[in-house]
Amino acid sequence: MTTEIDRQWTTRLRRRAEGKLPPEKLLPDTQPSYVSSWIYVFGVTTLAALMVVIATGCVLAIFGPQWWHTSSFGHFVNSLHLWSVEIFFFAMVIHLWGKFFMASWRGGRTLTWMTGVVTFLTSIATAFTGYASQSNFDSQWITTQAKDGINSTGAGAIFNVLNLGQMLMWHIVLLPLAAVVLTALHVLMVRVKGVVPPFADEKVEAAR
Amino acid sequence: MSKSFRPDVDAPEWRGGYTPYDIIKEGTIALVVVAVLTVALALIFSSPDEHAVTIKTWSNATPVDFAQTALSELNGTSGTAQYGAPYNTASDGQKLGPLSLAKWVGVHQPVNTIQDFVIDPLTALPDQSALTQALDAWRGATASTRSGWVDNYTKAATQMTYAHGQIVVPATNAGPVPLFINDLTMMARSGALDQALVTQHGFYTTNYTKPLLFLSDGSYLASLAQKDHLLGTQWGMMNETGSYPGQAWLWLYTFWYQVTPFSTSANADVQVWGVMMLLSVVLLFVPFIPGLRSIPRKTRVYRLIWREHYQNL
Amino acid sequence: MSWFNSVGALINLDHPGHFLHWHFIQVSVANALVMTLMVATFVVALLAPFPGRRSRKENR
């Protein structure tokens, strides 16, 4: 007989979460023995770079969008933000190549692959709005050029790249929020399904 | 394994061993390494920050280019004046095959180059009786009279010069247009036009649509960009000012602009966007696309990644 | 934070860039370096031995 507690939404959600992702799966202390290559470090490196990007972005946010033009410390923080973004994309693209050549969508991991791709595209949009929010010559040129591409799709009606306030809001609120949520989903999916196993060996298979 | 096992879709169940793997330690090391590397790169290379161009610097550097641009806003030949959606209805804009996407969505960032870039800013100039009379004459004239004045000025403007602080054009029967172009140039050179274009909606603003459109209608901004290899024809989207690395991840997007049919197409922007959208969807759905999803198994790069595993079989 | 004024950039990149031209391909030396480094890192990640990982076949 089910009790009132068993029927609670809260109880059901907790049990479902515990079933899907028990603590030993969320934070495992072992990995299958095939997890033995440097290619596996680029996912976590991307995550680390994202943390540095967000931390340096927060410092820039504290002082406001004009600060880095006038303060040498501000310029240094801007440099940290730029280079952490370069490392972020560097690591993310190598992670993507690695996961492609492992066909890591196998075994019910298609959503993990797809959230990864959407995160990649979201990151490109986030970086673009960052370049558009610089309020210097670079952003003047980039936005006046990019407007033609975005306008030609019809999206320019809503997404006006020449509107600094709008680009800054997308860059520091909407897109980072999307990127972080997508990244969290992506990482949780990896933990739920585990790391994709190797392809079966043809000779071993044939011998069976 | 069952007969329906699809090697590019299904994964064999792992029945082998597990070894200790400290993911929190790995993550911490990664964070420290990335943080140190970031600080090192920032200290070694810094970051670019070229000052923004103002209409003041533009009109002082090349007053004739500014005045010609101002005239193009008045006679409707500028890029913005002829743009179409989302700024105006002057043209249909770009087409993706039969689809006029921008036109269908319509005008949502309205810009009237005559009013917004010339008449309104001049109206904001205080206490200039000659200019006030000229503006009154403009407002009182019929559309055909106005276009007659503008046409006469435009024909003579091929001989435009800048001398003794004045824009000089040997135009006759041009009504108030010579005064408009000269006063707007003076206004631009003083810096007042920069302000007038952003303060049309009141004291506060974060929207630079109008001054940026005006600036990009001239050739000054592009001439600076060309020096930095930022033009679209120079693979500029992935480049950065100075000698810094840029958005290298845009290599494929900027690549399409360099090759036919896109490099010669009047609809290149929307076509390249179409191609990139399609390729993004392909990347998203790689796990479902036969052939594409077999590349990893066929190329056998995985034998390198899991070489220890296969050696131990 | 005045010491940042004195530090500045050790290598000044605020000068016109160098570009590689090959047929219709133009790429800045900075971008070419970044992309070469990416491919090189990928290849090294595939080939370099991963330390401290003896594959033990025991089951848990």
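This report describes helices, cores, domains and selected loop residues in a predicted model.

**Domains of chain A**

The domain assignment divides chain A into domain 1 (38-89) and domain 2 (103-196). Taken over C-alpha atoms, the centres of domain 1 and domain 2 of chain A are separated by 16 Å. To the contact between them, domain 1 of chain A gives 13 residues and domain 2 of chain A gives 14 residues.

**Helix packing between chains A and B**

Helix α13 of chain B covers residues 268-284. At 1.5 Å a residue, its 17 residues should span 24 Å, and because its end C-alpha atoms are 24 Å apart, the expected and modelled values agree. The buried residues of α13(B) are A268(B), D269(B), V270(B), V272(B), M276(B) and L284(B). These buried residues pack against elements of two chains: α7 (110-132) and α8 (137-152) of chain A, and α4 (101-105) and α12 (251-256) of chain B.

Helix α7(A) takes part in two helix pairs described here. In one, its axis and that of α13(B) come within 9 Å and cross at roughly 150 degrees. An angle over 145 degrees counts as roughly antiparallel, and α7(A) and α13(B) are therefore roughly antiparallel to each other. On the side of α7(A), the contact is made by W113(A), M114(A), V117(A), V118(A), F120(A) and L121(A), and on the side of α13(B) by S280(B), L283(B) and L284(B). L284(B) is also one of the buried residues of α13(B).

In the other pair, the axes of α7(A) and α8(A) come within 8 Å and cross at roughly 130 degrees. These two helices are therefore oblique to each other. Here F128(A), Y131(A) and A132(A) of α7(A) meet D138(A), S139(A), I142(A), T143(A), A146(A) and I150(A) of α8(A).

Y131(A) is also among the contacts of a tryptophan of chain B, W249(B). W249(B) is located in the loop between α11 (220-227) and α12 of chain B. Its relative accessibility is 13%, so W249(B) counts as buried. Leaving aside neighbours within four places in sequence, W249(B) is in contact with V85(A), E86(A), F89(A), I124(A), A127(A) and Y131(A). Within chain B, the C-alpha atoms of W249(B) and A174(B) are separated by 51 Å, and the two residues are 75 residues apart along the chain.

**Nonpolar cores**

In soluble globular proteins, nonpolar side chains tend to be buried together. The largest nonpolar core in this model has 122 residues, of which I39(A), Y153(B), I181(B), F214(B) and W306(B) touch the most other members. Helix α6 (residues 72-101) of chain A supplies the largest share of this core, 15 residues. Domain 1 (38-89) and domain 2 (103-196) of chain A each contribute at least three residues to this core.

I181(B) is in contact with A67(B), A70(B), L71(B), L74(B), Y153(B), M160(B) and I167(B), leaving aside its neighbours within four places in sequence. A second, separate core has 8 residues, including W256(B), Y257(B), F262(B) and A268(B).

**Loop residues of chain B**

Several loop residues of chain B have notable backbone angles or accessibility. Two peptide bonds that lead into proline are cis: the bond from A85(B) to P86(B), with omega near 5 degrees, and the bond from T260(B) to P261(B), with omega near 5 degrees. P86(B) is in the loop between α3 (63-75) and α4 of chain B, and P261(B) is in the loop between α12 and α13 of chain B.

Two residues other than glycine have a positive phi, H164(B) and R300(B). Their values are listed below.

| Residue | Phi | Loop of chain B | Relative accessibility |
|---|---|---|---|
| H164(B) | near 50 degrees | between β2 (161-163) and β3 (166-168) | 82%, exposed |
| R300(B) | near 60 degrees | between α14 and α15 (302-305) | 38%, partly exposed |

A further proline, P290(B), lies in the loop between α13 and α14 (295-299) of chain B. P290(B) has a relative accessible area of 61% and is therefore exposed. Its C-alpha atom is separated by 43 Å from that of S91(B), a residue 199 residues apart from P290(B) along the chain.

**Chain C**

Chain C contains 2 helices and 2 strands, which follow the pattern α-β-β-α along the sequence. Of its 60 residues, 27% count as buried.

Key. Residues numbered from 1 in each chain as written. Chains lettered and ligands numbered in written order. Predicted model: local features only at pLDDT ≥ 70, side-chain atom pairs only at ≥ 80, totals over all residues. Heavy atoms only, no water. Helix = DSSP H or I, 4+ residues; strand = E, 2+ residues; numbered from the N terminus. Expected span 1.5 Å × (residues − 1). Buried < 20%, exposed > 50% of the residue type's maximum accessible area, 1.4 Å probe, protein only. Contact = heavy atoms within 4.5 Å. Core = buried A, V, L, I, M, F, W, Y, C linked by side-chain atoms within 4.5 Å. Domains from an automatic or database assignment. Axes fitted to C-alpha atoms, helices over the stretch in contact; angles between N-to-C directions. Parallel < 35°, antiparallel > 145°, perpendicular 65-115°, else oblique.
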